[in-house]
Amino acid sequence: MIISASRRTDIPALYPEWFMNRVRAGFCTVPRPRDRKVHDTVSLRPADVDAVVFWTRNPAPLLPHLGELERQGLGNFMFLFTLLDYPEIMEPGLPPIDVRIRTFRELASRIGPERVVWRYDPIVISRTFDAKQQLKSFARLANRLEGATNRCIISVAEDYPGNRSRLARLETHGLAPDFSAPGLHEIMEGFAKTASRHGMEISCCSQPEEVTALGIENAPCIDGERINRLFKTSVPCNKDGGQRARCRCTRSRDIGAYDTCTHGCLYCYANADFGRSAGNRREHDPEATSLTGSPQAQLPLLKYT
């Protein structure tokens with residue numbers, strides 16, 4: 001089993017204490033996205049976990065725990081590290097870009113560049129952050145990350161009903177997304193050349209044909225073949241049927257919860273209500289079995305299959 005921690009929230013940045021408590025306990029409970037009163041139990045025992053994939057924008061709070069994670073028998077872990085250099089209004093809850101780059105390089109030095117994948121996600125094209133600006137931003141970051149990763153995953157911002165009102169706030173700053181994606185061909189061509197120049201393989205995440213037709217193909221973020229190669233495991237590389245049709249990710253078990261991230265990124269699709277996210281974090285109990293509290297009666301341990 002691959003543990004995804006997590007598409008729904010930033011566990012390394014915001015909930016490292018809870019995660020380590022659950023590792024020590026050997027299990028966690030996870031609220032179902034469509035019925036949060038119902039919790040499923042997920043084993044975190046080394047015998048049941050082949051690898052852990054962390055999704056994060058700031059793994060620094062988890063770094064002091066990596067040694068213990070290895071001692072607990074969960075040393076097969078890797079990071080999908082989202083790193084963008086957008087104006088602060090778009091990502092208000094993150095450390096400065098220089099701090100995040102240092103964290104990226106520190107992490108890569110600690111566990112190796114093959115285990116840290118750079119996500120440049122999403123590409124938000126706007127009046128003041130146009131194709132030319134995207135190319136410059138990507139090139140600056142790729143230059144500073146050279147040697148710290150050998151893979152980059154990109155995606156283009158999509159029009160989600162849940163974040164339209166938030167994105168509308170950017171109009172006065174000239175940063176509201178243009179979903180017709182002007183200059184996208186130029187961006188894809190430029191990104192591919194830049195990534196290659198800095199020793200990085202580049203792929204798309206769950207993009208429609210009009211994007212992948214420009215030369216960068218969809219590939220898995222949670223990549224069973226990569227995990228098997230890195231950790232000498234034998235994870236079945238079956239597509240995760242719970243994800244979008246275009247998603248190529250290998251099947252995993254996500255242990256996060258929606259509406260718990262407080263980074264405040266305006267383009268986020270995992271937070272329907274930032275106020276609810278802030279409230280959930282205030283009420284979070286690091287001793288609980290799930291991020292949003294535990295059910296009254298703990299369910300028996302179930303091995304995920």
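Helices are DSSP runs of H or I with at least four residues, strands are DSSP runs of E with at least two, and both are numbered from the N terminus. The model described here is predicted.

## Two buried residues with positive phi

D259 sits in the loop that runs between strand β9 (253-254) and helix α10 (274-283). Its phi is near 55°, which is positive although D259 is not a glycine. D259 has a relative accessible area of 1%, so the residue is buried.

A181 has a phi near 55° too, again a positive value in a residue other than glycine. A181 belongs to the loop between helix α6 (164-168) and helix α7. Its relative accessibility is 16%, and A181 therefore counts as buried. As background, most residues other than glycine have a negative phi, and most peptide bonds are trans.

## Two cis peptide bonds

A5 and S6 are joined by a cis peptide bond, with omega at about 0°. S6 lies in the loop that follows strand β1 (2-5) and precedes helix α1 (11-14).

Another cis peptide bond links D121 to P122, where omega is about 5°. P122 is part of strand β6, which covers residues 116-123.

## Helix α2 and its surroundings

How much of helix α2 is buried? The helix runs over residues 16-25, and 7 of its 10 residues are buried, so α2 is mostly covered. The buried residues are P16, W18, F19, M20, N21, R22 and V23. They pack against helix α1, strand β2 (27-32), strand β4 (51-56) and helix α3 (66-71). G26 comes just after α2 and takes a positive phi of about 90°.

## Helix α3: L66 and E68

L66 is a residue of helix α3. It counts as buried, because its relative accessibility is 1%. Apart from neighbours within four places in sequence, L66 touches F77, F79, L107, R110 and I111. I111 is 45 residues away from L66 along the chain, yet 9.4 Å separates their C-alpha atoms.

E68 is found in helix α3 as well. With a relative accessible area of 17%, E68 is buried. Setting aside neighbours within four places in sequence, its contacts are M20 and R24. M20 is also one of the buried residues of α2.

## Helix α5 against α7

Two packed helices are described by the angle between their axes and the distance between the axes. Helix α5 spans residues 131-145 and helix α7 spans residues 184-197; their axes come within 10 Å and cross at roughly 15°. The two helices are therefore roughly parallel to each other. The crossing is right-handed.

Which residues of α5 and α7 make the contact? Helix α5 supplies A131, Q134, L135, F138, A139 and A142, while α7 supplies E186, I187, G190, F191, T194 and A195. By class, this contact has 8 nonpolar, 3 polar and 1 charged residues. An α-helix has 3.6 residues a turn, so residues three or four places apart point the same way.

## Helix α4 against α5

Helix α4 covers residues 97-111, and its axis comes within 10 Å of the axis of α5. The crossing angle is roughly 40°. That makes α4 oblique to α5. This crossing, too, is right-handed.

On the α4 side, the contact is made by I97, D98, I101, F104 and R105. They meet L141, R144 and L145 of α5. These residues divide into 5 nonpolar, no polar and 3 charged.

## Cysteines without disulfides

How many disulfides does the structure hold? The count is 0. A disulfide is a covalent bond between the sulfur atoms of two cysteines. A pair counts as a disulfide if the sulfur atoms are within 2.5 Å. For C205, the closest cysteine sulfur is that of C221, 3.7 Å away, which is too far for a bond. C205 is buried, at a relative accessible area of 10%.

C268 is in no disulfide either. Its nearest cysteine sulfur belongs to C261 and lies 6.1 Å away. C268 has 18% relative accessibility and so counts as buried.

Definitions and conventions. Residues are numbered from 1 along each chain as its sequence is written. This is a predicted model: local features need pLDDT of at least 70, side-chain atom pairs count only at pLDDT 80 or more; totals for chains, interfaces and linings use all residues. Side-chain values use heavy atoms; hydrogens and water are left out. Axes are lines fitted to C-alpha atoms, for helices over the stretch in contact, and angles run from 0 to 180 degrees between N-to-C directions. Angles under 35 degrees count as roughly parallel, over 145 as roughly antiparallel, 65 to 115 as roughly perpendicular and the rest as oblique. A crossing is left-handed if the near helix is turned anticlockwise from the far one by less than a right angle, and right-handed if clockwise. Contact means heavy atoms within 4.5 Å. Ala, Val, Leu, Ile, Met, Phe, Trp, Tyr, Cys and Pro count as nonpolar, Asp, Glu, Lys and Arg as charged, and the others, Gly among them, as polar. Buried means under 20% relative accessible area, exposed over 50%, partly exposed in between (1.4 Å probe, protein chains only).
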